[in-house]
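Biologist: I would like to go through this model with you, starting at the ligand. Please show it first.

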Amino acid sequence: MAHQTALDLNDGRSIPQLGLGVWQVDDGEAPAVVGAALAAGYRLIDGAAAYRNERGVGAGVRQSGLPRDEVFVTSKLANSEHGYDEALRACAASLAAFGFDALDLYLIHWPQPGRNRYVETWKALVRLREEGRVRSIGVSNFGPDHLKRIVDETGVVPAVNQVELHPRFQQRRLRDLHAEMGIATQSWSPLGQGRLLDDPTIGAIAARHGKTPAQTIIRWHIDNGLLVIPKSVTPARIRENVEVFDFALSEADLDAIAALDDSAGRIGPDPDRFG
Ligand code: NAD
């Protein structure tokens, strides 16, 4: 089994650095996909209410036979559920779907600044943590203004901000702010949804290490101190993507990948306009 690394969060808890993303995994397929990942050594599953597979993910965790406290499960509050009471109810529904007493990490999926309800939603997450329904709380797709506002209004700093981040969109300014604020950065679409796998720079580095492009990119996230959640439903790729703890990138490799950053490299929606 692959040896895993973990990072410390600002709330005293610890989080596996690598996990499996389950966006676009069918609920019926989720138990087998989660089972393959846990058998391969993954200990974190990145879910969301919007992925409509919380039931299947929960079943996969139970069927693995691993103690519940050895698997870190994340979910995210759906965009339609912003608001204090709405968020409390949405979390209860997610817990029921998973069949869990508590989640390890609960995130606000998108800030939706146009709706302007994310502060009251954040207050509900603070309460959910106080009540023990979730162990850590964080956000996703939050920009500097959204982060500063929730901290100013509640005094509670998110443990994690999960954002689009890959070699073609490296988010250096946001990462610097996270470092100042004590927020862990989690990379979504870490492989650029597969589009970075045929990049020649990545290919050359991969060949030098005897690793695949996917492993090279995942290792880049780890060597940068990021949390990373690549997605696959194919057992061989699931295994491949966790076999990244037996090598490290050199300074020259890291410099070459740093040069791939592109301010126009965003694949997903702009959080300021989404929702
Ligand atoms: P990704 O960058 O992880 O790429 C996944 C795709 O890459 C797969 O569908 C597959 O086609 C390919 N792939 C994976 N491993 C491979 C391998 N070893 N060899 C060849 N091809 C391989 O993209 P993603 O699914 O968009 O992102 C990962 C996870 O991030 C999601 O599943 C989800 O959990 C999370 N996410 C969160 C948000 C958010 O708003 N918070 C948005 C998007 C994704």
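Modeller: This is a predicted model. In it, a nitrogen atom of the ligand pairs with an N or O atom in the side chain of Glu240, at 3.0 Å. Of the 830 Å² of accessible area that the ligand has on its own, the protein covers 88%.

Biologist: How far is the backbone N or O atom of Leu191 from an oxygen atom of the ligand?
Modeller: Leu191 is among the closest of the 26 residues that surround the ligand. Here the backbone supplies the N or O atom, and the ligand supplies an oxygen. The separation is 2.8 Å.

Biologist: Which residue has a side-chain N or O atom 3.5 Å from an oxygen atom of the ligand?
Modeller: A polar contact needs N or O atoms within 3.5 Å. The pair in question has a distance of 3.5 Å and uses a side-chain atom. The residue is Trp188.

Biologist: Ser189 is also listed among the closest residues to the ligand. Is Ser189 buried or exposed?
Modeller: Ser189 sits in the loop between β9 (184–188) and α7 (200–209). Its phi is positive, about 45°, although it is not a glycine. Most residues other than glycine have a negative phi. The relative accessibility of Ser189 is 12%, so the residue counts as buried.

Biologist: What is the phi of Asn116?
Modeller: Asn116 lies in the loop between β6 and α4. With a relative accessible area of 43%, Asn116 is partly exposed. Its phi is positive in a residue other than glycine, near 55°.

Biologist: Why does His109 count as buried?
Modeller: His109 is in the loop between β6 and α4, and an unreviewed UniProt entry annotates it as "binding site". Its contacts beyond four places in sequence include Lys76, Asn79, Ser140 and Asn141. Buried means under 20% relative accessible area. His109 counts as buried because its relative accessibility is 9%.

Biologist: Which elements do the buried residues of α4 pack against?
Modeller: Helix α4 covers residues 118–130 and reaches 18 Å, close to the 18 Å expected. Its buried residues include Trp122, Leu125 and Leu128. Just after α4, Gly132 has a positive phi of about 80°. The packing partners are β5 (72–77), α3, β6 (103–108), β7 (134–140) and α5 (144–154).

Biologist: Which residues does Ser94 contact, leaving aside neighbours within four places in sequence?
Modeller: Ser94 belongs to helix α3, residues 84–98. Its relative accessibility is 2%, so Ser94 counts as buried. The contacts are Ala49, Glu54 and Ser75.

Biologist: What separation do the C-alpha atoms of Val71 and Ser94 have?
Modeller: Val71 is in the loop between α2 (54–63) and β5, and at 2% relative accessibility it counts as buried. Val71 touches residues including Leu38, Ile45, Val61 and Asp104. Val71 and Ser94 are 23 residues apart along the chain. Their C-alpha atoms are separated by 17 Å.

Biologist: How much of the annotated span, residues 18–261, is helix?
Modeller: The unreviewed UniProt entry labels this span "domain: NADP-dependent oxidoreductase". Its end C-alpha atoms lie 22 Å apart. Strand accounts for 15% of the span, and helix for 44%.

Notes
Residues numbered from 1 in each chain as written. Predicted model: local features only at pLDDT ≥ 70, side-chain atom pairs only at ≥ 80, totals over all residues. Heavy atoms only, no water. Helix = DSSP H or I, 4+ residues; strand = E, 2+ residues; numbered from the N terminus. Buried < 20%, exposed > 50% of the residue type's maximum accessible area, 1.4 Å probe, protein only. Contact = heavy atoms within 4.5 Å. UniProt positions renumbered as here; feature names shortened; annotations may be inferred. Expected span 1.5 Å × (residues − 1). Near = heavy atom within 4 Å. Polar contact = N/O pair within 3.5 Å; in protein donor to acceptor, adjacent residues only side chain to side chain. Areas by Shrake-Rupley, 256 points an atom, 1.4 Å probe, with all protein chains shown as cover.
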